[in-house]
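Open the model in your viewer and keep a selection box handy. We will go stop by stop, selecting a few residues at a time and saying what is there.

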Amino acid sequence: MAEQSYTLLDGKGTSARIKEEIAQEVAARLASGKPAPHLVAILVGHDGGSETYVASKIKTCAEVGFRSSLVRFEDDVTQEQLLAEIKRLNEDPDVHGFIVQLPLPKHIDEQKIIEAVDPAKDVDGFHPINVGRMSIGLPCFVSATPQGIIELLRRYEIDTRGKHCVVLGRSNIVGKPMAQLLLHKGNPGDCTVTVCHSRTPNIKELCLQADIIVAALGVPEFLRGDMVKPGAVIIDVGTTRVPDATKKSGFRLSGDVAFGEVVPKASFITPVPGGVGPMTIVSLMLNTLQAARQQQD
C-alpha cells in the first residue's frame, strides 16, 4: 500500500496568526479609549506543569496587548481563602476574566471553586452554566482545548460533516465538550461521535471506523498505527512528560499518538508539541477578549 501523504496541523503557526488578529483588535480598543482586556490567573502551590502553563499564558497576554496579573497561594491555602479571592475578582470591574489553574491541592473541593467563579468571567469555560449553554449550542465560553481544536479544523478547512469521529477520553475539560462541539450543526460539526474511555472494550475496532480521532486519554502513544484507517484526521491532545536522558530537562513531551506509526496513514495530524497546546492558550485569549467585549461594550 502506498503511503498516505499527510498535512501537519500546525498549531504554533495558526495560533501566531490568531494572536496577530487579537492584537489588532486590542489596539483598536485602546485607540477608542477602551481598556485592554485583563486576565488574572490564580496559581496554588508549585506544580511544575501548572507553573509552565501559567507562565505561557502570561507571556501570551503580553504578546497580544492584554493586561495580566498572577495571584499566588501556597499549597496550604484554605478553601475559604481561595473562595474569598474568587469573590474579590468576581466583583472587580477591572478584571474581565480569570482562571484558577488546576489541579488544586487535595483538601480543596475543585468543583466548589469552579462554581464560585462568575460565569461572565469564567474564561476557562468550566462553570456548569457555560457547560450547559455549550451543550445546547448557546453563546458561552467554551473550554479552551476543544475550542482550539475546532478552530484548527476550521482554519484548515477540514470537512467534518457526516464524518465519524472517535473521541478517546471523557474528561470534563476535553473529551465531553469535544464530543458536544462535534455533534453541533455546522462545519466543523455535524459528526457522528463515539466517545471511548478506560472501560470501552473494543477501542481498536471503533478507532478503525473513525474518519477523525481526537486522542485525549493522557496515555503516551496509546493510539498505534494498527488502530487507524488510511486517510484519518488525527488530533493529539496528550502532553505527558516521559523520561528522556538525551534532553537537558531529563524529559520530553509525549502525545497520546504513536506519531511515527500513525503518520503514514493520516491525512491530517497534529504534532506534539506545537499542535493542540498553542491553540489552547490562544483560545483562552479569545475568551478573555470576548469577556472584555461583553463587559465593556
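Start with the lining of the largest pocket, whose residues divide into 20 nonpolar, 17 polar and 9 charged. In this split, Ala, Val, Leu, Ile, Met, Phe, Trp, Tyr, Cys and Pro count as nonpolar, Asp, Glu, Lys and Arg as charged, and the others, Gly among them, as polar. This is a predicted model, in which local features need pLDDT of at least 70 and side-chain atom pairs count only at pLDDT 80 or more, while totals for chains, interfaces and linings use all residues. Residues are numbered from 1 along each chain as its sequence is written, and side-chain values use heavy atoms, with hydrogens and water left out.

To find the middle of this pocket, select Tyr-53, Thr-145, Val-237, Thr-239 and Thr-280, which lie nearest its centre among the 46 lining residues. The space inside is about 1,600 Å³. A pocket here is an open set of points on a 1 Å grid over the protein atoms alone, with protein on both sides within 12 Å along at least five of seven lines; a cavity is a set of points where a 1.4 Å probe fits but cannot get out, and lining residues have an atom within 4 Å of a point. Grid points are joined across faces, edges and corners, and a volume is the space filled by probe spheres set on the points. Now colour α2, α4, α6, β9 (240-243), β10 (251-254) and α10, each of which supplies at least two residues of the lining. Helices (H or I, at least four residues) and strands (E, at least two) are DSSP runs, numbered from the N terminus.

**Second pocket**

Next, select Val-142, Gln-147, Ile-150, Glu-151 and Arg-154: of the 18 residues lining the second largest pocket, these lie nearest its centre. Three elements, α1, α6 and α10, give two or more residues to this lining. Which of the elements gives the most to it? That is α6, with 5 residues. The volume of this second pocket is about 400 Å³, and its lining divides into 9 nonpolar, 2 polar and 7 charged residues.

**Two helix pairs**

Keep α6 (residues 144-155) on screen and add α7 (residues 175-183). Their axes come within 9 Å and cross at roughly 40°; axes are lines fitted to C-alpha atoms, for helices over the stretch in contact, and angles run from 0 to 180 degrees between N-to-C directions. The crossing is right-handed, with the near helix turned clockwise from the far one by less than a right angle (anticlockwise would be left-handed). Show side chains for Pro-146, Gln-147, Ile-149, Ile-150 and Leu-153 in α6, which meet Pro-177, Met-178, Leu-181 and Leu-182 in α7; contact means heavy atoms within 4.5 Å. By class, this contact has 8 nonpolar, 1 polar and no charged residues.

Then move to α1 (residues 11-31) and α10 (residues 276-296), whose axes come within 9 Å and cross at roughly 20°. That makes α1 roughly parallel to α10, a label for angles under 35 degrees (over 145 is roughly antiparallel, 65 to 115 roughly perpendicular, and the rest oblique). This crossing is left-handed. Residues in the contact include Ile-18, Ile-22 and Arg-29 of α1 and Val-282, Leu-286 and Arg-293 of α10. The contact's residues divide into 10 nonpolar, 4 polar and 5 charged.

**Enclosed spaces**

How many cavities of 30 Å³ or more are there? The count comes to 2. For the largest, with a volume of about 90 Å³, select Phe-98, Ile-99, Val-100, Leu-102, Ile-113, Ile-114, Val-117, Asp-122, Asp-124 and Phe-126. β4 gives the most to this lining, with 3 residues.

The second largest cavity holds about 30 Å³ of space. Among the residues lining it are Leu-39, Lys-57, Cys-61, Ser-68 and Ile-99.

**Backbone details**

Finish with the backbone. Zoom in on Leu-102 again, where the peptide bond to Pro-103 is cis, with omega near 0°. Pro-103 is in the loop between β4 and α4. A further cis bond runs from Asn-187 to Pro-188, with omega near 10°, and Pro-188 lies in the loop between α7 and β6 (192-196). Asp-190 is in the loop between α7 and β6 and has a positive phi of about 55° although it is not a glycine.
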